[in-house]
Amino acid sequence: MAEQKYPPGIQAYIERGQQMAATEAKQRTLMRRKRFDTIAVHGIYGLEATLAHQGSINEPAFLSSAQHFENSDHMEAALAYLMPSWAYSRIANPTLHYLEETLALLEGYGFPGEVSCCVTASGMSAIFLATNPFLVEEGQGPINCVVSSKCYGGSFMLFNERYAKERGIDVRWVKDPLDLGEWENLVDEQTRFLFGEMPSNPGLSVFDVCAVAQLAHQNGIPLIVDSTVATPALLRPLCLGADIVVHSVSKSMNTGGLTIAGAVIARHQILSLVGPDELKENFALYLKLLPGRDFGPALNPLSALFVLNDLHTLRSKMDLLSQNCLQVALFLDQHSEVTAVYYPGLPADSGHVVASRLMRLVDCESDSDTVSQRYGHLLSFRVRGGAAAARLFFDNLQMILRATDLGRIKSIATIPAISTHQQQGEQGRSLADIPVDLVRLNVGGEHPEDIIQDLDQALRGLRQS
Ligand SMILES: *Cc1c(COP(=O)(O)O)cnc(C)c1O
């Protein structure tokens, strides 16, 4: 029996809210028993939910700024977060809720505990929301975080410019994330979290998520993993011991590229040296209801619908795109105009052993390890002849698009040193290992022979010049 500490009018809404939550929990439990593809197709939008929305077989787009309430008691109960409601689209929205539940189920697939998600307007806002709450001073001198230097340019700028330079936080860079000793040496009692990208953009570096998670937990802090490049179809860091997963949902979870979006997905009951109990109990919900409400990085509901639509085929797309990418990597690896290829799927790659252990196509119906290994559809390579040759090759491309984008169904190339990693400067690039002749390639869903042919003619052009 609930304590009778609210007036009867409010209490009635609390009880109605408990029934609503129980109905949804039932649906969530039902879906947690389904396979990955089934979850990607249905999320928690079941038959009852469709009938409550005039039979709409797709999750409806709630393009409304706010929710109307039955009366003042209903409004008060909702705004005090005493019952499920959405109130105002900066705080919550039913369409976002469908996406959050789907992402929590996919990222939590195979994880025995509870998982929640908070979606945001971009990957960067997700990374900011996921890291900022831990970076509060609590009187014992300067605080620090330990971060893999092999990371996305935007993340580098957040850590280096906003956190280190503007706020004086000691950001300790791990230069080789495969070296556990380096992580260990940088952690101390003032470390608030560990952060790594798996695999990294654009260097495709990997790290042993299980071992680094253990190190975090020994120090009472969370491990945060950016697993944008892998997606839950190939890697689910929560199952490997990570506490919080961040995504740029703008990428492979949304191959059509109709929007940008982000997500923070966290297990319940995380470790932290700071923050209120709510933060530790259900981090994603805490972000959504409190810091998310105050900072305001809410996703547009129409964007959430684009993502939901694209997610339905996530597993089969990551399977196809990874296979295309491996073929392209093997081609580039033997090309005379290419001096190095970075792709964890290549047997000689420094991350191959760890990636082969951790990255698997989910629900791949095979007993053989090698049949289920998939490494995603991002690779990078160095062109013989330095920066000028890389630019000439780039300008020679006839089908592959030139854009600072990845995760697409269309093949896209970038030169990180003049685009995504331009603003961090030469010193920052050398820390992150971004040479001037590096090309990042997002391998799309075109026939791999056509992708290879375009790369080959662009590389041949170098010899003729
Ligand atoms: C693109 C990207 C981000 C940033 O996401 P946005 O949606 O562009 O804000 C973060 N991490 C990785 C690995 C990325 O590729």
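**Questions on a predicted model**

Me: In this predicted model, is cysteine 325 buried or exposed?
Reply: The relative accessibility of cysteine 325 comes to 0%. Since a residue counts as buried when that value is under 20%, the class of cysteine 325 is buried.

Me: How many disulfides does the structure hold?
Reply: A pair of cysteine sulfur atoms has to lie within 2.5 Å to count as a disulfide. The sulfur of cysteine 118 is 6.8 Å from the closest cysteine sulfur, that of cysteine 117, which is too far for a bond. Cysteine 325 is in no disulfide either, as its nearest cysteine sulfur, in cysteine 364, is 17 Å away. For the structure, the number of disulfides is zero.

Me: In what order do the strands of the seven-stranded open sheet stand?
Reply: The edges are taken by strand 1 (115-120) and strand 3 (170-174), each of which has a single partner strand, so one side of each is left without a neighbour in the sheet. The twist from one strand to the next averages 20°. With mixed pairing, the seven strands follow the order 1-7-6-5-4-2-3.

Me: Which residue of strand 3 stands opposite cysteine 145?
Reply: Strand 2 (residues 144-148) runs parallel to strand 3, and five bridges join the two. Cysteine 145 has as its opposite residue in strand 3 valine 171.

Me: What angle does helix 9 make with strand 5?
Reply: Helix 9 (residues 209-218) packs on the seven-stranded sheet, where it touches strand 4 (191-197) and strand 5 (223-226). Between the direction of helix 9 and that of strand 5, the angle is about 150°.

Me: Which strands stand at the edges of the five-stranded sheet?
Reply: This open sheet, whose pairing is mixed, has its strands in the order 8-9-12-11-10. A strand at either end of that order has a single partner, so one of its sides is left without a neighbour in the sheet. The edge strands are strand 8 (338-342) and strand 10 (401-402).

Me: Which residue of strand 12 is the bridge partner of threonine 414?
Reply: Strand 11 (residues 412-414) and strand 12 run antiparallel and are joined by three bridges. Within strand 12, the partner of threonine 414 is arginine 440.

Me: At what angle does helix 14 run to strand 9?
Reply: Helix 14 (residues 314-333) lies across strand 8, strand 9 (378-383) and strand 12. Relative to strand 9, helix 14 runs at about 15°.

Me: How far apart are the end C-alpha atoms of helix 1?
Reply: Helix 1 (residues 8-32) has 25 residues, and at 1.5 Å a residue these should span 36 Å. The separation in the model agrees with that expectation, because the end C-alpha atoms of helix 1 are apart by 36 Å.

Me: Which helices are included in what covers the buried residues of helix 1?
Reply: The buried residues of helix 1 are Ile10, Gln11, Tyr13, Ile14, Gly17 and Met31. Histidine 74, found in helix 4 (residues 72-79), is in contact with Tyr13, among other residues. What covers the buried residues of helix 1 includes helix 2 (36-42), helix 4 and helix 5 (94-107).

Me: How many residues apart in sequence are the parts tied together by glutamate 70 and arginine 16?
Reply: The side chains of glutamate 70 and arginine 16 meet in a salt bridge, with 2.8 Å from N to O. Glutamate 70 lies in the loop between helix 3 (47-52) and helix 4, whereas arginine 16 is in helix 1, so the pair ties together parts whose separation in residues is 54.

Me: By about how much of a helix are arginine 162 and glutamate 166 separated?
Reply: Arginine 162 forms a salt bridge with glutamate 166, and their closest N and O atoms are 2.9 Å apart. Arginine 162 counts as partly exposed at 41% relative accessibility, while glutamate 166 is exposed, at 54%. Because the two are four residues apart in helix 7, they are separated by about one helical turn.

Me: Are aspartate 310 and lysine 317 buried or exposed?
Reply: Aspartate 310 and lysine 317 form a salt bridge in which the closest N and O atoms are 2.3 Å apart. Aspartate 310 and its partner lysine 317 are both buried.

Terms used
Residues numbered from 1 in each chain as written. Predicted model: local features only at pLDDT ≥ 70, side-chain atom pairs only at ≥ 80, totals over all residues. Heavy atoms only, no water. Contact = heavy atoms within 4.5 Å. Buried < 20%, exposed > 50% of the residue type's maximum accessible area, 1.4 Å probe, protein only. Pairing = 2+ DSSP bridges. Axes fitted to C-alpha atoms, helices over the stretch in contact; angles between N-to-C directions. Expected span 1.5 Å × (residues − 1). Salt bridge = Lys/Arg side-chain N within 4 Å of Asp/Glu carboxyl O. Lists of a residue's contacts leave out its neighbours within four places in sequence.
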